[in-house]
Amino acid sequence: MLPEPDPTLCRLLADDLRAAGYRSAELRSAWGPQADDAVARGLLGPAMRALGDRRDPLAVLGRLWGLGRAVTRDDLATALPSVGVAGVVALGLVAEDGDAVAPMVLVRPQAIADADGEEEWWIASDLDEAALGGPLPEDHVLGVGGASQTLARLQVTWRAASALDIGTGCGIQALRLRRLVPRVVATDISERALRFTRLNALLNDVDGIETRHGSLFEPVEGEVFERVASNPPFVITPRVAGVPAYEYRDGGLEGDALVASVIASVGAHLAPGGVAQSLGNWEYRDGKSGLDRVKGWVDPELDAWVIEREVLDPLAYAELWVRDGGTVPGTPAYAGLIDAWLEDFDRRGVTGIGFGYVLLRRPLAGAPTLARYERVAGGGEAAFGPHLAACLEEHDRAALIDDDGLAAATLRVASDVTEARHHRPGEESPSVIELRQGGGFGRTIEVDPALAALVGACDGDLAVGPLVGAIAELLEVDADDLRADLLPRVRELIVAGFLRFLDA
């Protein structure tokens, strides 16, 4: 078990890491961009060769905690003059073996950027499969992986008074939330994970994070929060002998029941106006859509925006997560695990597995106004959080006004929207008109000439109603009929981020 972190030793270690220049950019420069990309893929050889026989503090710490390789005691003592080798042994971060010091964990720099600017933290986690040279132990505490980065980038940028991080792991979501709220409660079923969370908070001098041990919402029974984030153990894993159940990814329930429980339960812990965001997998069973199944889990008193990014077939899904655990193709263990996954899916009639994002919100007053369940494959995740926040704000404004109010509103085209027209050779009129979104989810929407004309004229000068009248006259169609056709589609363009209210 990782020892309880000592605040004084953490502070001294942070001083040494800072003095050594142990940062993302410096490490990437030390071993080069190609080796840095290889490290992200679990290939350590290029970085080790690039560091060669360098014994400066950055190289020593990069070998030890960036790559998970042993260093000499003398080199580590030089690299950590404040905390010393004895200090990091006491923290449980290394173990001595004669003149060698071996890493017990990874401590990697993690750069972030948000509305408050750029920040860099040191994030401690368990040794990964590249450092271990084999499959992970079942109590493994994951570092900052792809899923946790995705959830962090999804977070809406609104400030709040309190936040809850369910299944905190190494604590990366709690750290991110703390930049927006003064108080974060972080829960996990793994006491080891909670100790990593406390260690990382101390190492980065972040206060206001309280850790609680327990499953899902049990540690916060009866409490409500304005923000909830969860990267739950959503991986669908066969519940049979011989299949490892990793605490960081496997919830211990059959199929997608863990994700269903999180989605169904979170509403009881949302304050009015509170937002919950999570990742999840959901199954397609016996011809029923995964998104339809998610819709049945959502509390009808909540606003809901569920986005499915991809759907994998059972074989591709099994291969993904068997490899994630460190079991490689071509081995008997690999074949046996794949077969266990496929047999489990077949037994329960699973034909596909969806992955996506769930955003739920408790309305401040009245009934819910948002129920979007959609498949969106494009976009750059770096801008998802601000994009979601802006779209929700625009949705709220549009939901408060009727069609007369919308017709009286003045709109403008979002700055990232472009238009593409496709013509058949020799034809003057386009056969296809598309509106394309450069940011956010990178949507492409096909529109007809009337809607294209309206969007093109939304430059902040005239209200929607007069624009519709002018377009109806130009196209020689009935203005009331055109208004009835266009206004619902204008609302959709507002929620999707193509159109903004003038003063937004």
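What percentage of the 504 residues in the chain do buried residues make up? In this predicted model, the share is 52%. The chain folds into 20 helices and 19 strands.

The overall dimensions were examined next. Along its principal axes, the C-alpha trace spans about 90 × 55 × 50 Å. The radius of gyration is 26 Å. For 504 residues, a compact globule would have a value near 23 Å, and the two figures agree. Contacts tell of long-range links along the sequence. Among contacts with a separation of 6 or more, 71% join residues 24 or more positions apart.

The surface and the charges were also computed. The accessible surface of the chain comes to about 21600 Å². Carbon and sulfur atoms hold 52% of that area. The chain carries 47 positive and 78 negative charges. The mean positions of the two sets lie 3 Å apart.

One helix was followed in detail. Helix H16 covers residues 384-399, 16 residues in total. At 1.5 Å a residue, helix H16 should span 22 Å. Its end C-alpha atoms are 22 Å apart, so the expected span and the model agree. The buried residues of H16 include Phe384, Gly385, Leu388, Ala389, Cys391 and Leu392. Glu394, His395 and Ala398 are also among them.

His387 belongs to the same helix, H16. Its relative accessible area is 8%, under the 20% cut-off, so His387 counts as buried. Leaving aside residues up to four places away in sequence, His387 touches Gln437, Gly440 and Phe441. Ala496, Gly497 and Arg500 are also touched by His387.

Note on methods: Residues are numbered from 1 along each chain as its sequence is written. This is a predicted model: local features need pLDDT of at least 70, side-chain atom pairs count only at pLDDT 80 or more; totals for chains, interfaces and linings use all residues. Side-chain values use heavy atoms; hydrogens and water are left out. Helices (H or I, at least four residues) and strands (E, at least two) are DSSP runs, numbered from the N terminus. The expected span of a helix is 1.5 Å times one less than its number of residues. Buried means under 20% relative accessible area, exposed over 50%, partly exposed in between (1.4 Å probe, protein chains only). The radius of gyration is taken over C-alpha atoms; the globule rule is 2.2 Å times the number of residues to the power 0.38. Contact means heavy atoms within 4.5 Å. Accessible areas come from the Shrake-Rupley method with a 1.4 Å probe; for residues, only the protein chains shown count as cover. Lys and Arg count as positive and Asp and Glu as negative; His and the chain ends are not counted. The place of a charge is taken as NZ of Lys, CZ of Arg, CG of Asp or CD of Glu.
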